[in-house]
Every structure is written in C-alpha cells, then in structure tokens.
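Please work through the exercises below with the sequence and the model at hand. Each task is followed by a solution in steps.

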Amino acid sequence: MILRVQSKNGTKRIQTEQSDTLQRFLEKVKCWDWESELHGDMLYLAEKKPSGVVGDKMSVATVEEERVDCELAARDGKIRRKRDPQLCHHGAEGKCMNCAPLDPWDPSYLSSFDPPIKHLSFHCYLRKLTSGVDRGKFLNLEDLRCKIRESCPDHPPWPAGICTKCQPSTITLSRQLYRHVDNVMFDHTGIVDRFLDGWRRSGRQRIGFLLGKYEVYDHVPLGIQAVVSAIYEPPQVGWIFTDLEPDGRGGKVAYKRSIHTHLLTAEECILAADLQNKYPNPCKHSAAGYFGSKFTTLCISGNEKCEVEIRGYQVRVDTRWSQSVSQLLSQARGEYGTDVMKEARPLPLEYLIIELTTTSPCNPQPLLPAVAEPLFPVENRAAVGQAVQDPHALSSYLTSQSHSSTNFLCLMADFHLLLFLFTSDVAGIHMKTHIPSLCRAILEGDRAAGDAWRHSEHWSTIEQLVAGANVSPVHTTRATTTAATSGEQWSCVQCTLLNAPGSAACDACQFPRVSS
C-alpha cells in the first residue's frame, strides 16, 4: 500500500507492507524512507505542540516566575514626590506636574543618583515597554537567536555552503538599557575572606559558585539584589574567580583590568554566557517562557590603588553566534553626535558586558551564623596543599578546644561541613536524609530541634566513631569496590555534585574529574 503523508514540509509517499505495524510506519515517516510517486490514501501529519502553548506563544499561566519577580510585578513602581510649597498652588490632596509621581524610568530621576543609574532594572524596563497605549498587549521578549537554517536544499550544509535564505540577519550591537540583577551583596565579609584564603595560601587562582537568594533591592527603582550566603568551590578548571598577582609592595596586588586593557577576557565572556544560558530567567512576557538570566559573574582582581576589589558582571548574549553571522555591525556615537555604524570586527566585548555593583551589609545578618576558628576544610583544595575533607578532619573539627563550649547549631552552621556530610557516607552511615532537618533547625535558630538532632542515633554513632583513632575512609554515593586497600586515597566528595569532563578520574569511584 502507498500512503501519502502531508506535513508543513510538503507531501511524500511511503511504501507500506501488509505486516507493518503502526510503530514501523511511524519509523518510516521519521526516516523519510520515500518510494516512487504513486497514488493512494493520504494522511495529514500534525505536529503536537507542548502543553501550555497557545498558538505560537507560551500561556502566561504556565510560566512560574521567581518570588522576587512576582513581588515586584505587584508594585506600581511610581516614584512618590512631596508637595513643593513654592511651586504647588493646590490643596493638600491635589497633584500637579511638580509633585505628581514619576515613572521609575524617568531620566531626570535616574540621573539624580550619585553615581547616576546607567542601566534600568529589568522590571523598570518592562514597565517602560508596557506604558504605551496598548499596555504591552503585543509585547514579546525574545533572546537573540542567530542559528543557521538547517536542511536548506539549495546547497551543502554549513560550513560547506550558505545562502541568503538560511543565513541569520545582520546584527547591530548597541548598549543594553537594562540589567537583570542590580546588585550583588555578601551577607557577611567572612565569605569572601574564606574564599580568598585559598589564593593567599597557595598563590593559585580559584573559582567558586555563589549560593544564595534574590531579593528586592530598594536602592534602585524596582531593583533586584543577589544575596550571597556561601561559596562552593568545585574541582578547579581554571564563578566568583580570582585574578590576583602580588606586586611586591607589601600586601598590594597588580592592577591589570581596566577600560584601557580589558574587564573580562573573551574566554571568560564565553564561559559566563554559557552559564547564563544554562540558568535562564523565567518570564511571562516571552513566547519561550524565559528571557535573559539572573546568573552573575564576579571577578576579584586589583584596582587602580592596587587593592583587592570585587567587580560584578553579566554578559548580554552567547558570544558563539559571532562565528556564523554574515555581518556584524556596532553602533556608536560619532564625532558630531550622530549614531555611526561600523563593522564590529574584532568583536567589541564592551557591548556584551553589563557591570553590577557589589556590596557588603553595614549590619550583617548572615543566613548561617559565624563559626569560630578552626574552620572545617573547604572542598577541593587538596591540589593546593590544604587539608582534605575526611573523617580525620571531621574529628579534629568536632574535638577542637575552641569548640568545646560552642552552641551545637553554631558549630554545625558551616556550609562546607554541611556539604561534606550531605554528600558523604561517614563510616558507612548515610547522612543525606538527615541533613535537611538539621539545616532547618540552623536557619530557624531552633536550639531544641538542634539538641534533638544531636542526640539522634545516627549522629551519636558518628561522634563515637570519629572520636576514636581508627576511622574509616569517606565513600561517596558513587563509590565502588575498585579502590585500592593499600595506600587508598580519599574518594572525591565532589563526584556527586559536578559531572564535568576531564582527563583524570577519582581513585575510589572512577568517576571523571577535572584536573587542577
């Protein structure tokens, strides 16, 4: 039997046998196993759209935005002004042009800040787009997509061939008007000091992933602030990251990054863009259900005074599109104040970078209480000569003289200790299911719940084991029996957290690991 299948790509004829099942028929459709042009019955192939899609646009009801976005969307965002007794000649309840509320994107208001606000907050930008007569009825935000059309019949596939029908449109670079995150704040300075300690002790650069939450930032109209409560240091591959070099003047560091050299390298921009693409920002104003990203990049380097300084950035787009577009233009202000277009090669990275402010609170209220010295070792620092996370380190930490009178919740309120317990099996005891209840007790300051957790059977057993001289090695959840019994190395705790490709493998679990 010959069946004609019609889709949006055209009509084809498929030869079927009497013994063919429906599954076999669909496989032929998928493989485009076409035969001769004969007559027969015709089926229409309809593409099933994902649930929540109405027409070509994602249903607003299906997009679950983050809590901070919902909170800001509920605000009107207007800038309230008091009545001016010299200019306002109306009653106390009246309003005029001198005291009426301003829009959050008002240029005169933004320029009144010291320093002036250069970038609108993302929600301020949305209010501006929806302030017209149509109230944003036709607003549809789309991330930049510059992919080449596939399966063009007029030439071989890219890179062997390309034509005007399949190549992306010309891109014109201009300054971005907004940013998704307006400020990055560490909830206490000890987080950065502990991260920098790895560089101070080894002289080798470090990277770390920032863990925390997003909050409303009231210093900018409808602003968003990223509050950092901990830094996880993965197996080193080379995102807060350091670029520090001593300059030989007693604690000073080299000043290398500026507008005259570079703020971020091309490799750093590509990595930052790749990480942003992995963590998109949910947005109901986008057909795809997401737009941009709140993922931030922090760089610790020297400033013009040769002092250690943290700078925050976001990258506008995935820079990989520049490899395939036919033409790339940049827009700049010319000699006579007019916009001038020129070819953007080499690629001007300043068009792709959005600067963020970084701060620390005047009155710190950290998510995790401060832990007394000595601290539990930070993960993945064995390559730079620092202590490894193992039961011996746990025993030393718990039995330290300085911790003898410490409140149990404060003793356990170390992010790196909690991570170690969560991802490891200490002496064969699985702690993964017990750590969440301890974390809740720490965050809520519930000493009664902390004492109950401390006297639980699983923790009492661990305290007895680590207090002795003979403790068993740590095995991760991926550990196997292939580890050597003689001269055995501790298995890598990070195996359960980061599936990164690399040339080396963990000695205990044979799981790929990026070498230092």
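The exercises treat strands, helices and single residues of this predicted model.

**Exercise 1. The barrel**

Task: Determine in which order the seven strands of the barrel are arranged, and how β14 is joined to β13 and to β17.

Solution.

Step 1. The barrel closes in the order β9-β11-β10-β12-β13-β14-β17, and its pairing is mixed. On average, neighbouring strands in this sheet are turned by 35° against each other, direction ignored.

Step 2. Strand β13 (residues 297-302) and strand β14 (residues 308-315) run antiparallel and are joined by six bridges. Within this pair, Ile 300 has Ile 310 of β14 as its bridge partner. The hairpin of β13 and β14 has five residues between the strands, and Cys 306 there takes a positive phi near 60°.

Step 3. β14 also runs antiparallel to strand β17 (residues 353-359), to which four bridges join it. Here the bridge partner of Val 315 is Ile 353 in β17.

Step 4. Strand β9 (residues 183-186) pairs with β17 in the parallel sense, over three bridges. In this pair, Asn 183 has Thr 357 of β17 as its bridge partner.

Step 5. Helix α5 (residues 190-202) lies across β9, β10, β11, β12, β13 and β14. Its direction is at about 45° to β11 (223-232).

**Exercise 2. The open sheet**

Task: Identify the edge strands of the three-stranded open sheet.

Solution.

Step 1. The strand order is β7-β15-β16, with mixed pairing.

Step 2. β7 (171-173) and β16 (339-343) each pair on one side only and are the edge strands. Neighbouring strands of this sheet are turned by 30° against each other on average, direction ignored.

Step 3. Between β7 and strand β15 (residues 328-333) the pairing is parallel and spans three bridges. Thr 172 stands opposite Leu 329 in β15.

**Exercise 3. The faces of helix α10**

Task: Establish which residues of α10 are buried, and why they line one face of the helix.

Solution.

Step 1. Helix α10 covers residues 435-444, and Ile 435, Leu 438, Ala 441 and Ile 442 are buried in it.

Step 2. Viewed down the axis of α10, these buried residues fall within an arc of 120°, so they line one face of the helix. The general background is that an α-helix has 3.6 residues a turn, so residues three or four places apart point the same way.

Step 3. Leu 443 and Glu 444 are exposed on the other side of α10.

Step 4. The buried residues of α10 pack against α8 (408-412), α9 (415-423) and α11 (447-454). Gly 445, with a positive phi near 65°, follows α10.

**Exercise 4. Two crossings of α10**

Task: Classify how α10 is oriented with respect to α9 and to α11, and name residues that meet.

Solution.

Step 1. The axes of α9 and α10 come within 10 Å and cross at roughly 160°. Angles over 145 degrees count as roughly antiparallel, and α9 and α10 are therefore roughly antiparallel to each other. The crossing in which α9 passes α10 is left-handed.

Step 2. From α9, Leu 418, Leu 421 and Phe 422 meet Ile 435, Leu 438, Cys 439 and Ile 442 of α10.

Step 3. The axes of α10 and α11 come within 8 Å, crossing at roughly 150°. That makes α10 roughly antiparallel to α11. This crossing is left-handed. Ile 435, Ser 437, Leu 438 and Ala 441 of α10 make the contact with Ala 449, Gly 450 and Trp 453 of α11.

**Exercise 5. Single residues in loops**

Task: Decide whether Leu 222, Asn 380 and Ser 360 count as buried or partly exposed, and locate a cis peptide bond.

Solution.

Step 1. As background, most residues other than glycine have a negative phi, and most peptide bonds are trans.

Step 2. Leu 222 lies in the loop between β10 and β11, and its phi is positive, near 55°. Its relative accessibility is 8%, so Leu 222 counts as buried.

Step 3. Asn 380 lies in the loop between β17 and α7, with a positive phi near 65°. At 16% relative accessibility, under the 20% limit, Asn 380 counts as buried.

Step 4. Ser 360 is placed in the loop between β17 and α7 (391-398). Its 37% relative accessibility makes Ser 360 partly exposed. Leaving aside neighbours within four places in sequence, Ser 360 contacts Met 185, Phe 186 and Thr 189.

Step 5. The peptide bond from Asp 114 to Pro 115 is cis, with omega near 0°. Pro 115 is in the loop between α3 (107-111) and β6 (120-121).

Methods. Residues numbered from 1 in each chain as written. Predicted model: local features only at pLDDT ≥ 70, side-chain atom pairs only at ≥ 80, totals over all residues. Heavy atoms only, no water. Pairing = 2+ DSSP bridges. Axes fitted to C-alpha atoms, helices over the stretch in contact; angles between N-to-C directions. Buried < 20%, exposed > 50% of the residue type's maximum accessible area, 1.4 Å probe, protein only. Arc of directions from axis to C-beta. Contact = heavy atoms within 4.5 Å. Parallel < 35°, antiparallel > 145°, perpendicular 65-115°, else oblique. Left-handed = near helix turned anticlockwise from the far one by under 90°.
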